[in-house]
Amino acid sequence: MSKDTELVKKLQNPALKDSAFSELLDVYQERLYWHIRKIVHTHENADDVLQNTFIRIYKSIANFQEKSSLHTWMYRIAYNESIRFLEKNNKKSYNNIDEVSESNLEVLFEDEYFDGDEIQKKLNIIIDGFKEKQKQIFQMKYFDDLSFRQISEILNVSESTLKSTYYTCVKIIEKKILM
Amino acid sequence: MKKSTENNNKKSFLKEGFKSDISKHHKDYLGTGIPEDYFAKSKISILDKIKEEARVEEEQPKKQLVFYMRPQFKYIAAASLVFILSLTVWLQNFDTKEDFNNLKIESLAFEDDILIESLLVDDNDLDAFTDTTLFNEIVVKAELKEQKLDNLILNSLIVEDSLLDNYINEELIETVIL
C-alpha cells in the first residue's frame with residue numbers, strides 16, 4: 001500500500017481524519033501553494049486559494065474514490081479553485097488559463113513578494129506566452145518537480161507528448177533568454 | 001541562473017530538474033517569494049478555519065431535504081409531465097369523437113329498425129291508432145280551445161258594457177246636473 005493510499009484510508013476514517021489532514025498539509029501544502037501561485041500570481045491571492053483548496057479537500061475526501069491518485073485529485077481541485085478565484089475577482093468566466101488576461105503579470109510584478117530581476121521577469125513573460133497545455137506541462141515538470149507519469153495522470157496526456165512538449169518549451173526559453 | 005546567463009551561452013539556462021527546496025527554486029528562477037514561516041502559519045490558519053467551519057456546520061440545524069433531484073433530471077421530469085398531460089388531453093378528445101361516431105351509428109340503426117317494423121304493422125291496428133290519436137290530439141284540443149274563446153268573448157262583453165254604463169252615468173251627471 002502506497003503512502004498516499006494509506007493517507008486516504010486515514011482521511012476517510014472519522015477518528016483519524018484530523019491528524020491525517022495535518023499530515024496531508026505537511027506533504028502537499030507547499031507544492032499546491034506553488035501550483036496555485038503560478039496561476040493567480042500574487043501571494044495574497046495564492047494564500048486565499050490555498051485555504052479554499054484545502055477546505056474543499058477536507059470536505060470532499062470522504063467521497064474520493066481513488067479513481068486517480070490523491071496527488072492528481074488535489075492538483076485538479078487546486079487548479080479549479082484558482083480559475084474560480086480569477087473568475088470571481090475579474091467578474092469574467094474563463095475556460096482555461098489562456099483566457100486570463102496578461103494584465104495579471106503586471107499584478108505579479110507589482111506584488112510585494114516579487115523581487116525578480118530583468119531575466120526573471122523575462123522568464124515569467126515567456127512562460128506566460130505559452131499555450132495553456134505547454135505552460136502547465138513546463139511548470140509542473142520544471143517548477144513543481146512532478147514526474148512525467150504524474151503529469152500524464154493530471155493532464156490526461158500521453159508521456160511521449162509530454163516529453164516532446166517539455167523539451168520544446170525548454171528550447172524556446174533557452175533561445176529567448178540567451179538571445 | 002545568473003551564472004548561466006552571464007558565463008556562457010552554450011551552458012543550458014534551465015537545470016535538469018531539482019530535488020531541493022521548491023520555494024527556493026521558484027525564488028531563484030521566477031523571483032517569487034513568500035513571507036517568513038509562511039507555510040507553518042498557513043497550516044495553523046487552514047486547520048483553524050476547518051475547525052471553525054465544522055463548528056458552524058454543527059450549530060446550523062440540518063436542512064431536511066424532502067425531495068432532491070439533479071437539475072438535468074428536473075428537465076426530463078418536466079418534459080415527461082408535459083408529455084403525459086398532452087397525451088391525456090389528446091386521448092380524451094379522441095374518446096369523445098369515438099363515442100359520437102358510435103352514437104350516430106346506433107341511432108341510425110334504431111331508425112332503420114322503426115322503418116322496417118312500420119312496414120309490418122297491420123292496417124286495422126294503424127286505423128285504431130289513427131282514430132285514438134285524432135280524438136286525443138285534434139277533437140279534444142279543439143273543444144278546449146273553443147271553450148276558452150267563448151269565455152274570452154263573454155268576459156270582454158261584460159267588461160265593456162259595465163265600463164260604458166259607468167261612463168254614460170258620469171257624463172250625464174256632469175252635463176245635466178252641473
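Colleague: How many residue pairs are in polar contact across the interface of chain B and chain A?
Modeller: This is a predicted model, where local features need pLDDT of at least 70, side-chain atom pairs count only at pLDDT 80 or more, and totals for chains, interfaces and linings use all residues. Residues are numbered from 1 along each chain as written, chains are lettered from A in the order written, and side-chain values use heavy atoms without hydrogens or water. A polar contact is a pair of N or O atoms within 3.5 Å, one able to donate a hydrogen and the other to accept it, with sequence neighbours counted only if both atoms are side-chain atoms. With both residues at pLDDT 80 or more, the rule finds 19 pairs.

Colleague: Which helix gives the largest share of the side of chain B that touches chain A?
Modeller: Helices are DSSP runs (H or I, at least four residues), numbered from the N terminus. H1 (2–7), H2 (22–30) and H3 (38–59) of chain B each supply at least two residues of that side. The largest share, 11 residues, comes from H3(B).

Colleague: Which residue of chain B meets A:Asp26 in a salt bridge?
Modeller: A salt bridge needs a side-chain nitrogen of Lys or Arg within 4 Å of a carboxyl oxygen of Asp or Glu. The rule finds 3 across the interface of chain B and chain A. In one of them, at 2.7 Å from N to O, the partner of A:Asp26 is B:Lys43.

Colleague: How much area do chain B and chain A bury between them?
Modeller: Buried area is the accessible area (1.4 Å probe) lost on putting two parts together, summed over both. Carbon and sulfur atoms hold 62% of it here, and the total is about 3800 Å².
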